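Let's take a walk through this model together, starting with one of its surface features and then moving on to its strands. Keep the 3D view open as you read.

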Amino acid sequence: MHKVPSDRQGLRVIDPDQVCDATAVLADEAQLQHSATVLDALGEVNRLSILLALLHAGDLCVSDLAVAVGMSDSAVSHALRLLRAHGMVTAHREGRLVRYRLAGGLARRLLEVVSEEAVAPVTLHAHGHADPAGDKAGAS
């Protein structure tokens, strides 16, 4: 049985099996909206830079992130509020500092893919080892 939404029944369909399949993969509207939000956040260069910095350098405070990405503290704070509201970063307190960390899930997986194209091979200082994404990029 084909599952064409009731509000679209009676419309011209060429291949009902493909329409059924396409409708089925788009059924979880909440997950689609979440994915679109993540992609939207990744589509802005400043937010993408912040997220890549957190992925590769680890937990950072606002002022360190601002220096790393070349933005003002207030602009980074604003971006982090949005990223935090969408569950893409988390914050934790270390004494008087608040450090931000990349959350897991879709954003992390997408950033790992983006890193393969966008991040140059580098040796990271804070962790004392080569960046795994940089190793992959340098191996090709």
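## A pocket, a sheet and a salt bridge

The lining of the largest pocket is made up of eight nonpolar residues, two polar ones and one charged one. Bear in mind as you look that this is a predicted model. How much space lies in the largest pocket? It holds about 160 Å³. Eleven residues line the largest pocket, and those nearest its centre are Leu-52, Ala-53, His-56, Ala-57 and Leu-124. Which helix gives the most to this lining? That is helix H3, residues 45–57, with five residues. As background, rolling a probe the size of a water molecule over the atoms shows where empty space is left.

Now turn to the strands. Three of them form an open sheet in the order E1-E3-E2, and the pairing is antiparallel. Strand E1 (60–61) and strand E2 (89–94) are the edge strands, since each of them pairs on one side only.

Follow E2 next. Its antiparallel pairing with strand E3, residues 97–102, runs over six bridges. You can step along this pairing residue by residue: Thr-90 stands opposite Arg-101 in E3, His-92 is set opposite Arg-99, and Arg-93 has Val-98 as its bridge partner. E2 and E3 together form a hairpin with two residues between them. In the turn, Gly-95 has a positive phi of about 65°.

On the other side of the sheet's order, E1 and E3 also pair in the antiparallel sense, here over two bridges. Look for Leu-60, whose bridge partner in E3 is Tyr-100. When you trace side chains here, it helps to recall that in a regular strand they alternate between the two faces of the sheet.

What lies across E2 and E3? Helix H5, residues 73–85, does so, and it runs at about 115° to E2.

Finally, consider the charged pairs. Side chains of opposite charge can pair when their charged atoms come close. A search of the whole structure finds two salt bridges. One of them joins Asp-59 and Arg-101, with their closest N and O atoms 2.6 Å apart. Because Asp-59 sits in the loop between H3 and E1 while Arg-101 belongs to strand E3, this pair ties together parts that are 42 residues apart in sequence. Arg-101 is a residue you have already met, as the one opposite Thr-90.

Terms used: Residues are numbered from 1 along each chain as its sequence is written. This is a predicted model: local features need pLDDT of at least 70, side-chain atom pairs count only at pLDDT 80 or more; totals for chains, interfaces and linings use all residues. Side-chain values use heavy atoms; hydrogens and water are left out. Two strands pair if DSSP finds at least two bridges between them. Helices (H or I, at least four residues) and strands (E, at least two) are DSSP runs, numbered from the N terminus. Contact means heavy atoms within 4.5 Å. Axes are lines fitted to C-alpha atoms, for helices over the stretch in contact, and angles run from 0 to 180 degrees between N-to-C directions. On a 1 Å grid over the protein atoms alone, a cavity is a set of points where a 1.4 Å probe fits but cannot get out, and a pocket is an open set with protein on both sides within 12 Å along at least five of seven lines; lining residues have an atom within 4 Å of a point. Grid points are joined across faces, edges and corners, and a volume is the space filled by probe spheres set on the points. Ala, Val, Leu, Ile, Met, Phe, Trp, Tyr, Cys and Pro count as nonpolar, Asp, Glu, Lys and Arg as charged, and the others, Gly among them, as polar. A salt bridge is a side-chain nitrogen of Lys or Arg within 4 Å of a carboxyl oxygen of Asp or Glu.
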